[in-house]
Amino acid sequence: MKNSPVFLYKVKRSCLSCGPEPGGEEKKGRGNPISVQSFPPELVEHIISFLPVRDVVALGQTCRYFHEVCDAEGVWRRICRRLSPRLREQGSGVRPWKRAAILNYTKGLYFQAFGGRRRCLSKSVAPLLAHGYRRFLPTKDHVFILDYAGTLFFFKNALVSSTFGQIQWKRACRYVVLCRGAKDFASDPRCDTVYRKYLYVLATREQAGVVGTTSSRACDCVEVYLQSSGQRVFKMTFHHSMNFKQIVLVGQETQRALLLLTEEGKIYSLVVNETQLDQPRSYTVQLALRKVSRCLPHLRVACMASNQSSTLYITDQGGVYFEVHTPGVYRDLFGTLQAFDPLDQQMPLALSLPAKILFCALGYNHLGLVDEFGRIFMQGNNRYGQLGTGDKMDRGEPTQVPRCVCSLCSTRECLYMLSSHDIEHQVTYRDLPASRVLGTPEPSLGAGVPQDPGGAAWACEEYLSQIHSCPTLQDRMEKMKEIVGWMPLMAAQKDFFWEALDMLQRAAGGVGLPDPPEP
């Protein structure tokens, strides 16, 4: 029965919610139609599973009956086995088989080379063992891809030069599994892939327990691989109580700082010398709490990005904080050196934005932000038009640009585009209020309403509503500290407000003051 054909004659969909087929009574002499609901559900699911994924989704939108059948896990289990025969486990989630099928159906890696007259879009060779594409990183000659099962793939000699002098994908390239149990990975943050000599992999490994016992425990570690050969040259293991979820690099090769983000939203850092990693010796590195987590302990960092001399943090509340380590980059980003402190380069600076930020990207002297409404803001040096504003004027504050992006990565030679849809991710963006839609005319000066081009008044109203939503006085004080970090204030002013709020918070906790009245 597995390979035998199935023939259906005069099959008619008869859905109670849709009613009878129009003109059905006039069709006489053709025999009685057979309702598809009379077939066993297993047979219908088996037939539907042979359809392409696009047709299964379209069929599920026709009526209620087919929506329930096409959404069944049995259908997606068969589709997943057809798309990825080597996938042994379906993964986790509420809908594991549907999630696994769509992850593997939508996975893809494309690239387009810069320069020249031809603008061809090339697709990479997809590894059969990959469970979707979660992250990727191109190096000088190779490409590394991390899937949703924690497997890191190593594409050897993936890019070659064509007869026209352009970069193209090598169809005959082979891939191997570099390691398993990986959480994240990073390399030199510069866009020039020549500098990406080492690959830092954040992974989980089983370590032996107490001496004399057979028990083991899972510990996070950072493994360093040579990008040219995939050989592991260095490994550092952390205490089992330290659980990390992201790693980024910053600084020069001799003073390479590794920033590690914990599950609790704290940032730890350690410094290594890349020029000595390939030497067979052992030494101890010190893991220290980053200043952004020491000075602002109430903040919970959700993700981070970095380049050679800057680091950007996004909190779980959508706030953005910046570390700028060189005066030149600071001037390019903000257009001034007014608040730059060369003696305290790790002091986090807050960017003032009227909405929550969800994603970020950081170049050498410019940055990009995506807010909760799906809008993109660019800031920094625009000498080559890299901000996408249509001109070459620098922007010292976040400026909205009309673009829509997904997952992109750019090097000096190519623009890479990654696709892999995860149905477990909730809808990220929400609708923009009608009063804030781009193109809505602002009130004129003659109308008697003051202009607010930066949205400062609207932002203050939003901050007040957030403070009002806090249930207790202590929560409102913590929220006020966070808002002070968001505001475009100088470092001395922020320190003053934070210290004053700490004093008020300690006084309120000592005498047991009641909650403030409702505004």
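Which residue just after H7 takes a positive phi? Gly 335 does, with a phi of about 75°.

## About the model

Before going further, a word on the ground rules. This is a predicted model, in which local features need pLDDT of at least 70 and side-chain atom pairs count only at pLDDT 80 or more, while totals for chains, interfaces and linings use all residues. Residues are numbered from 1 along each chain as its sequence is written, and side-chain values use heavy atoms, with hydrogens and water left out.

## The chain as a whole

The protein chain holds 10 helices and 28 strands; both are DSSP runs numbered from the N terminus, with helices being H or I over at least four residues and strands being E over at least two. Of its 519 residues, 41% count as buried. Here buried means under 20% relative accessible area, exposed means over 50%, and partly exposed lies in between, using a 1.4 Å probe and protein chains only.

Taking contacts between residues at least 6 apart in sequence, 49% join residues at least 24 apart; a contact means heavy atoms within 4.5 Å. As for disulfides (a pair of cysteine sulfur atoms within 2.5 Å), the structure holds zero. Cys 191 is partly exposed at 44% relative accessible area, and Cys 470 is buried at 11%.

## Helix H7 and the sheet beneath its axis line

Let's return to the helix of the opening question. H7 covers residues 327-334, and its buried residues are Val 329, Tyr 330, Asp 332, Leu 333 and Phe 334. The cover over these buried residues includes S20 (310-315), S21, S22 (349-351), S24 (366-371), S25 (376-380) and S26 (395-401). H7 lies across S20, S21 and S22, and runs at about 145° to S21; axes are lines fitted to C-alpha atoms, for helices over the stretch in contact, and angles run from 0 to 180 degrees between N-to-C directions.

Those three strands belong to an open sheet of four, with the order S19-S20-S21-S22 and antiparallel pairing. Its edge strands, each pairing on one side only, are S19 (301-306) and S22. From one strand to the next the twist averages 25°. Two strands pair if DSSP finds at least two bridges between them, and S20 and S21 have five, in the antiparallel sense. Leu 312 stands opposite Phe 322 in S21.

## Strand S24 and its two hairpins

Five of the six residues of S24 are buried, so this strand is largely enclosed by the rest of the structure. S23 (residues 357-362) pairs with S24 in the antiparallel sense over five bridges, and a hairpin joins S23 to S24 through three residues. Five bridges also join S24 to S25, again antiparallel. This second hairpin has four residues between its strands, and Gly 374 in the turn has a positive phi of about 80°.

Val 370 appears in both pairings: it is the bridge partner of Phe 359, and it stands opposite Ile 376 in S25. A salt bridge links Asp 371 with Arg 375, with closest N and O atoms 2.7 Å apart. Both ends are buried, Asp 371 at 0% relative accessible area and Arg 375 at 11%.

## Salt bridges across the chain

Side chains of opposite charge can pair when their charged atoms come close. A salt bridge here is a side-chain nitrogen of Lys or Arg within 4 Å of a carboxyl oxygen of Asp or Glu, and the count comes to 17. One of them pairs Glu 253 with Arg 190, at 2.6 Å between the closest N and O atoms. Glu 253 lies in the loop between S15 (244-250) and S16 (256-262) and Arg 190 in the loop between S11 (182-186) and S12 (198-208), so the pair ties together parts that are 63 residues apart in sequence. Glu 253 is partly exposed at 23%, whereas Arg 190 is buried at 15%.

Another pairs Glu 323 with Arg 290, with closest N and O atoms 3.0 Å apart. Glu 323 is in S21 and Arg 290 in the loop between S18 (288-289) and H6 (291-295), 33 residues apart. Both residues are buried.## Ser 187 in the S11-S12 loop

The loop between S11 and S12 also holds Ser 187, which is buried at 7% relative accessible area. A polar atom of the Ser 187 side chain lies 2.8 Å from the backbone oxygen of Tyr 198. Leaving out residues up to four places away in sequence, Ser 187 touches Leu 137, Arg 196, Tyr 198, Leu 199 and Leu 249.

Note on methods
A polar contact is a pair of N or O atoms within 3.5 Å; within protein, one must be able to donate a hydrogen and the other to accept it, and residues adjacent in sequence count only if both atoms are side-chain atoms.
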